[in-house]
Amino acid sequence: MASALRVEITRGATIETDHPVLCAVADGNGRILVSYGDIDRPYPLRSSMKALQAMPLVASGAADALDVSDAELAIACGSHNGEPRHVALVTNWLARLGLSGDDLRCGRARPWPEAWDDLDPSFATEATRPKHNCSGKHTGFLTLARHLDADPADYLDPAAPVQQVVLASLADHFGVARVDLELAVDGCGAPVACVSARQLALGLTTLLGDEPEGARILRAIGAHPWAIAGTGRFDTRVTTALAGNGFTKIGADGCRVAVLPDLGLTIAMKALSGDRRAVDAAMFRVLTTYGALDSSDLPDLAEPEILSSAGAVVGRVHVRGLDQSEAS
């Protein structure tokens, strides 16, 4: 029976919310080392699978043929804030393809609210497609479309060439036949795979192996952690602290992954409540348990606090059920 992992969020001395968390930890030999909860329960992976969606961009030769930089490859794996640097990276990449923001099918968005304090108000309030947090992934799909000489207007269609390549690659990483890969539609309109934490953790181990595309993606994200998230965000802060020794990546509704090449580990995680605070706290605790980081590296993530609108501490986030001995 798998151990239970959960996150309690307290307000004062009272438990306000309780969040069960699924978690699978895999090694580079294709083994699940530790599991919490029902790791065979499928769920939509959302943006936690973006690094795997980017693998065909490299493996197909498109990245080399169309001069994709490491920063561009990183933002293809990211869920960015829509800050000016992110937007410039996406729009310049599109221009090099002979395309523009109008060719993106991810919809219009404003920058993430966490970044608004540092942005010009007129920039923060205008919604555009390049500001969408998935615009880098979509530009990667358009790059693959150019390389395949496919119609860029169809790049999200599961039956069209781009997604046929991407979905075949995902099915291979998850160890299922393409026809058996269950799909839903992500918030950005792209197909999203629905598999288990076990399958995701094991699929991510391909980034730890000898495949050159995996090594290139790891290098790109490690060199450009700002591209996968942005100012103040968990993934940018943690990936920066990992100093080239891996990355973390969020997905909507409580999804998270980590890839840790120095430790030879991958982690797939899902807060069943969909709460981002819960999955962030659980992931940071797992990272410190395995020695990827020290709690002193990012103390506010190690001891998360709940603040009032006036900035007073009114509660805390507590990770429960993590057995420290299982990581030894």
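Which residue just after H8 takes a positive phi? That's glycine 175, at about 75°. Keep in mind that this is a predicted model, where local features need pLDDT of at least 70, side-chain atom pairs count only at pLDDT 80 or more, and totals for chains, interfaces and linings use all residues. Residues are numbered from 1 along each chain as its sequence is written, and side-chain values use heavy atoms, with hydrogens and water left out.

Now back up into helix H8 itself, residues 161-174 (helices here are DSSP runs of H or I, at least four residues; strands are E runs of at least two, and both are numbered from the N terminus). Its 14 residues should span 20 Å at 1.5 Å a residue, and its end C-alpha atoms are 20 Å apart, which agrees; the expected span is 1.5 Å times one less than the number of residues. Among its buried residues are Val162, Leu167 and Phe174 (buried is under 20% relative accessible area, exposed over 50%, partly exposed in between, with a 1.4 Å probe and protein chains only). The elements covering them include E5 and E6, with contact meaning heavy atoms within 4.5 Å.

Those two strands belong to an open, antiparallel sheet ordered E4-E6-E5, where pairing takes at least two DSSP bridges between strands. E4 and E5 are the edge strands, and tyrosine 43 has valine 195 in E6 as its bridge partner.

Just past E4, in the loop to H1, sits arginine 46. Arginine 46 forms a salt bridge with aspartate 253 at 2.7 Å (a Lys or Arg side-chain nitrogen within 4 Å of an Asp or Glu carboxyl oxygen). The pair ties together parts 207 residues apart in sequence. Arginine 46 is buried at 19%, while aspartate 253 is partly exposed at 46%.
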